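Let's walk through this model together, one chain at a time, and then look at where the chains meet. Keep the 3D view open as you read.

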Amino acid sequence: MKRAFGWIVLLLLSACLLSLFLGEYRMAPAMVVRAIFSHSAPRADRFITTSVRIPRILIGVLTGFSFGVSGVMLQSLLRNPLADPGLLGVNDGAGLLVTLFLVYFPAASGWLLPAVAFAGAMLAIAALLALTSKFAFQPLSVLLNGIALSLGFYSLTKIVKTVGDWQRVQSAIDWLQGNLTGVSWPQLQILLPWFIPGLAAALVTAKLLDIHELSDDSAIGLGARLGRERVVVLSIVAVLSGSAISVTGPVYFVGFLSGNLAQRLVIGSKRETILLAGFIGATMVVLADLLARLLIAPRELRLFFLINLVGAPALAWLLISQNRIAKLAAARARAHGGK
Amino acid sequence: MTFPHLAAIDLALAYNSEHPVVEGLNLVIQPGTITALVGPNGCGKSTLLRGFARILKPRSGSVELSGEPLETMDTLAVARKLGILPQRPVAPEGVTVRQLVLLGRYPHQNWWQTSGTEDVHIADAAMRNAEVLEFADRLVVSLSGGQQQRAWIAMILAQQSSVLLLDEPITFLDMAHQLEVLDLLRKLNAEAGITIVLVLHDLNLAARYAGKMILMKDGRIAATGSPEEVMTKDLLLGVFSVRCHILQDPVTNRPFCIPIDIALPD
């Protein structure tokens, strides 16, 4: 487990370093060091390093971390390895509200964007809870309702884009791309006040997840207050994923992939799993962003195309194996005739 | 150790808006005994246990622990006195026996605390008691049914509660594993004086292990008392509509029933 942490952190650091050197404008390590520390370095070097690449890498780390942590939290809370903010409608809920905000209140400050995305994420989560609590969070019911919600929010977003003023819509479309093009220090400043308390709260509430993951009955037996604690955990997810989405635009699969990977690598407490998933998520986003910048340079790919390329088949594989488990459970329940 | 006693007072329990499954039920669980809840399918015995465990909130009436209604007590304080093993518990895939057992320490910890050395010692003792210490670092899902059940019992032992509620703890186990789990419960009862309430399907095993049997039918108590008082031809005929011979178990001298046939309604 310690080894897994070591490797992931090493991988993340290498990805960050590579992202500093590589790109359309390639820089040798010595140039990068000089650009950071010396005022005599060429202005272009200084600009690209300190105003473009470093903030972009840091934002990649923070947003990836947020998605990874959110993924594990949702997967444990819903006892569902398929859970991911993107697959449960959180992305599209945030997307709808951010689009409305950008189209109808374009003069308002960018600082409000994470708050708006958070509200959208909360809206999606509240709707999901209302739709699925009756079915005791059965994995398939949660997923299907999440997909339905996603499509609903997505369609509403489309309508807003169709009827809204086209210039303002264009800024919403840029945001909805799901990438890190053009981000810099201001976005990092917007992100931090959400990220730091969100992560701290996630680590503190991690032990709740250990209990909730068992079953409703066992959790109650150990003294869990299911309703209240679910709202707390889901709010933290909304803080982390909402604020990350407000910078990156809708991102799918990062939480799903890093959550599942971390759960398989860590045999330990949820706190460790959450941290590891954060590092994995950060690594994925930084790497994907690097590839997105490199592959068709000078143009940029949407970074989340690349993540989806990995995420989609992984989800399909998990659905197939889940389906097998569900069938076995159903057969067992039939054989024993319930209570 | 003081022995909190569990009581149902005019208790009604229901799922959602349905007609109550259990109604007007009054019952006191004798501290320090093994009590078996028995009865036909759908008689409300699991529902009653879920009511005792505060998993199901009373429609009316109340469940009291040492005279205090559960609903007004802090749920963590209840968890320190009352341990619950639900029907067919499922451990998450990547959880080892030791981790599972340490979760039993949750009601004793603050909201920010993680397991300290004292918790580890208590968990070790619980695993030794439940005879799963040798599997401590194996994944729960990799164990046999009986071993898994013992791991769960170790978890509720780590809770250090003096009342254990178990919902059909042996239903899906083979004969050897059934005895293994029930012997463990009997040992805990005899050595530590832990009060045990369990739902059982097998009348003969219930009569063999329980000091007291509660026979239920249609959400009400049909009979309660020692196995000798409850395992009678007339009561079993009335509750199950099955004619039985009642013999004496040659191993334990407890009553033992052999069904003859289903009594057709006149």
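Start with the overall build of chain B: with 266 residues, a compact globule would have a radius of gyration near 18 Å, and chain B has 19 Å, which agrees. Here the radius of gyration is taken over C-alpha atoms, and the globule rule is 2.2 Å times the number of residues to the power 0.38. Taken along the principal axes, the C-alpha atoms of chain B fill a box of roughly 65 × 40 × 35 Å. Please bear in mind that this is a predicted model, in which local features need pLDDT of at least 70 and side-chain atom pairs count only at pLDDT 80 or more, while totals for chains, interfaces and linings use all residues. Residues are numbered from 1 along each chain as its sequence is written, and chains are lettered from A and ligands numbered from 1 in the order in which they are written.

Chain B has nine helices and twelve strands. Helices (H or I, at least four residues) and strands (E, at least two) are DSSP runs, numbered from the N terminus. Of the 266 residues of chain B, 45% count as buried. A residue is buried if 20 or more other C-beta atoms lie within 10 Å of its own, exposed if 12 or fewer, and partly exposed in between, with C-beta atoms placed from the backbone. In chain B, 63% of the contacts with a separation of 6 or more are between residues 24 or more positions apart; two residues are in contact if their C-beta atoms, placed from the backbone, lie within 7 Å.

Two loop residues in chain B deserve a look. B:Glu131 is in the loop between α4 (117–129) and α5 (145–158) of chain B, and its phi is positive, about 55 degrees, although it is not a glycine. B:Glu131 counts as partly exposed because it has 17 C-beta neighbours inside 10 Å. Further along, B:Gln160 sits in the loop between α5 and β7 (163–167) of chain B. B:Gln160 is not a glycine either, yet has a positive phi of about 55 degrees. With 19 C-beta neighbours inside 10 Å, B:Gln160 counts as partly exposed.

Now turn to chain A, whose secondary structure comes to 14 helices and zero strands. Buried residues make up 48% of its 339 residues. Residues 24 or more positions apart account for 79% of the chain A contacts with a separation of 6 or more.

Where does A:Leu12 sit? A:Leu12 is in helix α1 of chain A, as is A:Leu11, with α1 covering residues 2–21. A:Leu12 counts as buried because it has 24 C-beta neighbours inside 10 Å, whereas A:Leu11 is partly exposed, with 17 other C-beta atoms within 10 Å. Not counting residues up to four places away in sequence, A:Leu12 touches A:Phe279, A:Ala282, A:Thr283 and A:Val286. The C-alpha atoms of A:Leu12 and A:Val285 are separated by 9.7 Å, with their positions 273 residues apart along the chain. Put plainly, A:Leu12 and A:Val285 are 273 residues apart along the chain. Likewise, A:Leu11 and A:Leu287 are 276 residues apart in sequence and 9.4 Å apart in space, C-alpha to C-alpha.

Next, follow helix α8 of chain A (residues 185–204). At 1.5 Å a residue, its 20 residues should span 28 Å, and its end C-alpha atoms are 28 Å apart, which agrees; the expected span is 1.5 Å times one less than the number of residues. A kink of about 35 degrees lies at A:Leu191, shortly before the proline A:Pro193, where the bend at a residue is the angle between axes fitted to the seven residues ending there and the seven starting there. Buried residues of α8(A) include A:Leu191, A:Trp194 and A:Phe195. Among the elements that cover the buried residues of α8(A) are α5 (113–132), α11 (226–248) and α13 (270–294) of chain A. As for α11(A), its 23 residues should span 33 Å at 1.5 Å a residue, and its end C-alpha atoms are 32 Å apart, which agrees. After α11(A) comes A:Gly249, whose phi is positive, near 85 degrees.

Finally, bring the two chains together. In all, 22 residues of chain B are in contact with 17 residues of chain A. On the side of chain B that touches chain A, α2 (75–79) and β6 (82–85) of chain B each supply at least two residues, and α2(B) gives the most, with four residues. By class, that side has 14 nonpolar, seven polar and one charged residues. Ala, Val, Leu, Ile, Met, Phe, Trp, Tyr, Cys and Pro count as nonpolar, Asp, Glu, Lys and Arg as charged, and the others, Gly among them, as polar.
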